[in-house]
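Here are my notes for you on this structure, set out as numbered points. Please keep the sequence and the 3D view open while you read them.

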Amino acid sequence: EYRPLTSELVPDCIRLGEEWCRSNDCREQRAMMAEQRMIAYALRRIDELHILGGTLFVEGRLIAFTFGAHINADTFDVCVEKADTSYEGVYAMINNEFVSRLPDNITYINREEDDGNEGLRRSKKSYNPIELKQKYIGCIE
């Protein structure tokens with residue numbers, strides 16, 4: 001069952017994010033721990049940040065969530081997708097269900113960084129992107 005992400009579902013999403021983190025050894029990777037903190041922070045401020053999102057449930061249990069925000073009038077940035085991967089195809093399903101319900105004025109979807117994950121990169125390329133941007137890291141000395 002697909003449901004729009006609402007503030008009432010935030011505790012379930014945070015719990016699923018924590019479960020995802022445990023099963024993906026987040027404590028061993030600082031970037032993943034920082035991402036988890038960011039997700040919880042944003043979810044707790046869903047209304048003030050004007051976040052749009054979606055959730056998937058199976059037999060009353062949350063198995064996936066996603067959220068993001070408008071970049072401009074015709075572009076939406078999907079910032080986060082987390083799911084219980086014991087359900088085959090769950091990432092494709094949450095993406096499809098959520099994106100299909102975005103407002104009609106949305107022409108472009110920014111799928112964010114793949115962090116060098118080959119499976120994630122293949123998945124994102126399967127959506128036939130019109131453009132891939134080179135990412136850079138800068139540092140101030």
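1. Thr-55 is buried, because its relative accessible area is 0% and a residue counts as buried when that value is under 20%. This residue has its place in strand 2, which covers residues 52-58. Please bear in mind, here and in the points that follow, that the model is predicted.

2. What is Thr-55 in contact with, once its neighbours within four places in sequence are left aside? The partners of Thr-55 include Glu-1, Tyr-2, Arg-3, Pro-4 and Leu-5, and further on in the sequence Leu-9 and Cys-13. Leu-62, Ala-64, Phe-65 and Ile-94 are also among the residues that Thr-55 contacts.

3. Two of these partners lead on to aromatic rings. Phe-65, which is in contact with Thr-55, forms a stacked aromatic pair with Phe-67, where the ring centres are 6.4 Å apart and the planes differ by 10 degrees. The pair is called stacked because planes under 30 degrees apart are counted in that way. Both rings belong to buried residues, since Phe-65 has a relative accessible area of 0% and Phe-67 has one of 3%. The structure holds two aromatic pairs.

4. Arg-3, another contact of Thr-55, has its charged end over the ring of Phe-57, at 3.7 Å from the ring centre. A second arrangement of this kind involves Lys-82, whose charged end sits over the ring of Trp-20, 3.5 Å from the centre.

5. How are helix 1 and helix 2 oriented towards each other? Helix 1 spans residues 10-23 and helix 2 spans residues 30-44, and the two pack at an angle of about 175 degrees with their axes 10 Å apart. The helices are therefore roughly antiparallel, since angles over 145 degrees are counted as such.

6. On the side of helix 1, the residues that meet helix 2 are Val-10, Cys-13, Ile-14, Gly-17, Glu-18, Trp-20 and Cys-21. On the side of helix 2, they are Met-32, Met-33, Glu-35, Gln-36, Ala-40, Leu-43 and Arg-44. By class, this contact has nine nonpolar, two polar and three charged residues.

7. Finally, consider the chain as a whole, which has four helices and five strands, running β-α-α-β-β-β-α-β-α from the N terminus on. Of its 141 residues, 35% are buried. Among contacts with a separation of 6 or more, 55% join residues that are 24 or more positions apart.

Technical notes
Residues numbered from 1 in each chain as written. Predicted model: local features only at pLDDT ≥ 70, side-chain atom pairs only at ≥ 80, totals over all residues. Heavy atoms only, no water. Phe/Tyr/Trp six-rings, centres within 6.5 Å; stacked < 30°, edge-to-face > 60°. Buried < 20%, exposed > 50% of the residue type's maximum accessible area, 1.4 Å probe, protein only. Lys NZ or Arg CZ within 6 Å of the ring centre and 35° of its normal. Axes fitted to C-alpha atoms, helices over the stretch in contact; angles between N-to-C directions. Parallel < 35°, antiparallel > 145°, perpendicular 65-115°, else oblique. Contact = heavy atoms within 4.5 Å. Nonpolar A, V, L, I, M, F, W, Y, C, P; charged D, E, K, R; others polar.
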